Amino acid sequence: MKNLFTFTVRHVQALAMALALFTFVSCDNNREEEVLPGSVRIEFNHKWNGEESGIGEVLNDHLNHPVRLDNLQMYISPIELRNERGEWIEVLDVALLDFAIDGQRMTASAESGTYNALRFGMGLPPEINTNIDPASYANEHPLSVPGSAGMFWTWSSGYVFVKYEGKFATEIGNQLLEPLSYHCGTDESYRMVTFDFEENIVIQSEEISAFGLDFDAAATLIGPEDSIDIVQDPVTHSAQGTILAARLMDLMDDAWTLNPL
Amino acid sequence: MSMCCRPPQIALFLFLTLCLIGCKGCNPDTCDPPCDTIATPYTLEIPPFFPPMDIPEDNPLTEEGIELGRLLFWEKALSADGSMSCGSCHLPSAGFADPNPYSTGITGAQGIRNAMAIVNLGWASAYFWDGRSTSLEEQILEPVSHPDEMALPWNEAVQKLQNMGTNENDIDYPSRFNLAFATTEITPDLVTKAIAQFLRIMVSADSKFDQWRRGETSLTDDEFAGYQMFLLEGGDPEITPGGQFGGDCFHCHSEAGLQFSDYLFRNNGLDSTFTNDAGLAGVTGNSLDSGRFKTPTLRNIALTAPYMHDGRFQTLEEVIDHYNSGGLPSTTVDPFMKYNTGGLMLSEAQKARLIAFMHTLTDTAFIADPRFQDPH
């Protein structure tokens, strides 16, 4: 019995070593199974005057113009959470939202801990906006050539931060033939949206904390301090010396609401 | 067998089993195509300023696959009467496009759209004017069997290729497939894979514009002025918000990655109604996609007349005139079109500069590249 026990222990040891060696040598890509500290899931939703709405629906703006949004895309960079020490912790570097696609949600890992605020940049910070070659990114990246399709201007002017495109009619009953084309970009248009949580959120290891961010596209045209008449101002490409893009970005700053899920 | 011998044997057995299972589970190579293929890997050189090319994992580039693809691309046996190959409608002299508005198939029937130019297709994400194919391999399936094109059912096509191995005057395709894909059994899937490999190496990156971007040559004043116009917003700023009297080309024909296309789908104001050709809406069923077609690249644009999805414009001058007019209004026309503010308002001199720039995108080395010519 003693011999057998000794023998078994030896071979268990041998097996353990073999297993360890095997794991080390041949399972290198098991790294993806590493346990994440915790996760944050953010669901982005598009609304119109507080109601659920889809891209392509005809709706009325604050001046009763029938409007149809055909394209609503936006770069978000970065998304950060503020911990109890007041430090902003990045959970996602950059994402491109396309509200024409249902279920715009993203999940990112985050350090376990307690957080009291969230903030995100609308657009791209200067260091990743201008004088960047999209071809330098892997194709899956939102700033790459295919990843940024339609959202890249030129090397010098950088990326379009927000595309808000569609058609409108000047009066109810008319065909929607007038172009609506807001392309907001340039470093001056970058805005940071901040939400303080009513209650702290706690991110725990291996658990997912989720919340929703709703973007009210109607609020892009009217806010507490400004409003835009799409008949008078139907187009901007953020050209130097014009202020429409900056006004739109300021309005969009107030167009977000945070909802715990 | 005594008890004392079993533990080491069991340990060895377990170890080998673990290795076997472990290697199978952890190795990302799924062995499709077969792991024992003897084909020679081909490394595609990505030109300066170009993005990486996504090559399907199940169809890596190989020397033998590419050469087979070239043979098949130019193979007239892939048409029902042996008179047409893919190359019949994608002529090198026309920038690998068709100089006719519509291509004529073996029966004399014509298609409804202009054959698109073959250039840098490995970077595209959708194929055909309406984007109905999402891979090159899928796209290649259609023309061979389409009754208005090569009109050869695929089962007959592969049988013809298979039989060609028995006639010593023909190309021995089974052997070629064996070299490329480690099988002599020819299938539509392998035919399309080979042709797709060939198309992926058809890279144009040596136009005068490319040479200028690499600092190897200079543009003339007109060419450079045309390039600047290409990058400016269109329209009179007094009438068109943000207008810069430019050509307004860069939005859709994006220079990102030097592709000169954003590969998106747009209605550029050619028509007000779309009963003849719904474009992308014919694929998606979404009326908001009516009249939307894929943005073609501007590379080799001076060679690939006629223009637009239906080949309605014979010259670049006609194309510029169309954009200069602003196009026709419709509920789906692209907001970049200046249909309600008088168009681009370009002068004749400005139009000429824009066209001078477009000519800098002609790559004569590409169309004359011996690797792409008919090997038969």
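**Figure 1. Chain A in outline.** Chain A contains two helices and 15 strands. The model shown here and in every view below is predicted. Chain A has 261 residues, and buried residues make up 32% of them. Take the contacts in chain A between residues at least 6 apart in sequence: 71% of these join residues at least 24 apart.

**Figure 2. The largest nonpolar core.** This core has 101 residues. The members that touch the most others come from chain A and chain B. From chain A they are A:Tyr159, A:Phe161, A:Val162 and A:Leu248. From chain B they are B:Leu72, B:Ala194 and B:Ile195. Strand β4 of chain A, residues 66-83, gives the most to this core, with eight residues. A second core, separate from this one, has 24 residues. Among them are B:Phe209, B:Tyr307, B:Ile355 and B:Met358. In soluble globular proteins, nonpolar side chains tend to be buried together.

**Figure 3. Close-up on A:Phe161.** Neighbours within four places in sequence are left aside here. A:Phe161 is in contact with A:Met74 and A:Tyr75. It also contacts A:Met122, A:Gly123 and A:Leu124. The remaining partners of A:Phe161 are A:Cys184, A:Gly185, A:Ser189 and A:Tyr190.

**Figure 4. Helix α2 of chain B and its surroundings.** Helix α2(B) spans residues 63-73, and nine of its eleven residues are buried, so it is largely enclosed by the rest of the structure. The buried residues include B:Glu64 and B:Arg70 as well as B:Leu68, B:Leu71 and B:Phe73. B:Leu72 is buried too, and it is one of the core members that touch the most others. The buried residues of α2(B) pack against α5 (173-181) and α6 of chain B.

**Figure 5. The α2(B)–α5(B) contact.** The two helices pack at about 145 degrees, with their axes 8 Å apart. The crossing is left-handed. From α2(B), the contact uses B:Glu64, B:Gly65, B:Leu68 and B:Leu71. From α5(B), it uses B:Arg176, B:Phe177, B:Leu179 and B:Ala180. By class, five of these residues are nonpolar, one is polar and two are charged.

**Figure 6. The α3(B)–α6(B) crossing.** Helix α3(B) covers residues 136-145 and helix α6(B) covers residues 188-200. Their axes come within 8 Å and cross at roughly 115 degrees. The pair is therefore roughly perpendicular. α3(B) passes α6(B) in a right-handed crossing. On the α3(B) side lie B:Leu136, B:Glu137, B:Ile140 and B:Leu141. They meet B:Pro188, B:Thr192, B:Lys193, B:Ile195, B:Ala196, B:Leu199 and B:Arg200 in α6(B). The contact has seven nonpolar, one polar and three charged residues.

**Figure 7. The α10(B)–α11(B) crossing.** Helix α10(B), residues 316-325, and helix α11(B), residues 348-359, have axes that come within 10 Å. They cross at roughly 125 degrees. The two helices are therefore oblique to each other. Their crossing is right-handed. B:Leu316, B:Glu317, B:Ile320 and B:Asn324 of α10(B) make the contact with B:Lys351, B:Leu354, B:Ile355 and B:Met358 of α11(B). Five of the contact residues are nonpolar, one is polar and two are charged. B:Ile355 and B:Met358 also belong to the second core.

**Figure 8. The loop at B:Thr220.** B:Thr220 lies in the loop between α7 (208-213) and α8 (221-230) of chain B. B:Thr220 has 13 C-beta neighbours inside 10 Å, so it counts as partly exposed. B:Thr220 and B:Phe357 are 137 residues apart in sequence. In space, their C-alpha atoms are 9.2 Å apart.

Terms used. Residues are numbered from 1 along each chain as its sequence is written. Chains are lettered from A and ligands numbered from 1 in the order in which they are written. This is a predicted model: local features need pLDDT of at least 70, side-chain atom pairs count only at pLDDT 80 or more; totals for chains, interfaces and linings use all residues. A nonpolar core is a set of buried Ala, Val, Leu, Ile, Met, Phe, Trp, Tyr and Cys residues joined through C-beta atoms within 7 Å. A residue is buried if 20 or more other C-beta atoms lie within 10 Å of its own, exposed if 12 or fewer, and partly exposed in between; C-beta atoms are placed from the backbone. Helices (H or I, at least four residues) and strands (E, at least two) are DSSP runs, numbered from the N terminus. Two residues are in contact if their C-beta atoms, placed from the backbone, lie within 7 Å. Axes are lines fitted to C-alpha atoms, for helices over the stretch in contact, and angles run from 0 to 180 degrees between N-to-C directions. Angles under 35 degrees count as roughly parallel, over 145 as roughly antiparallel, 65 to 115 as roughly perpendicular and the rest as oblique. A crossing is left-handed if the near helix is turned anticlockwise from the far one by less than a right angle, and right-handed if clockwise. Ala, Val, Leu, Ile, Met, Phe, Trp, Tyr, Cys and Pro count as nonpolar, Asp, Glu, Lys and Arg as charged, and the others, Gly among them, as polar.
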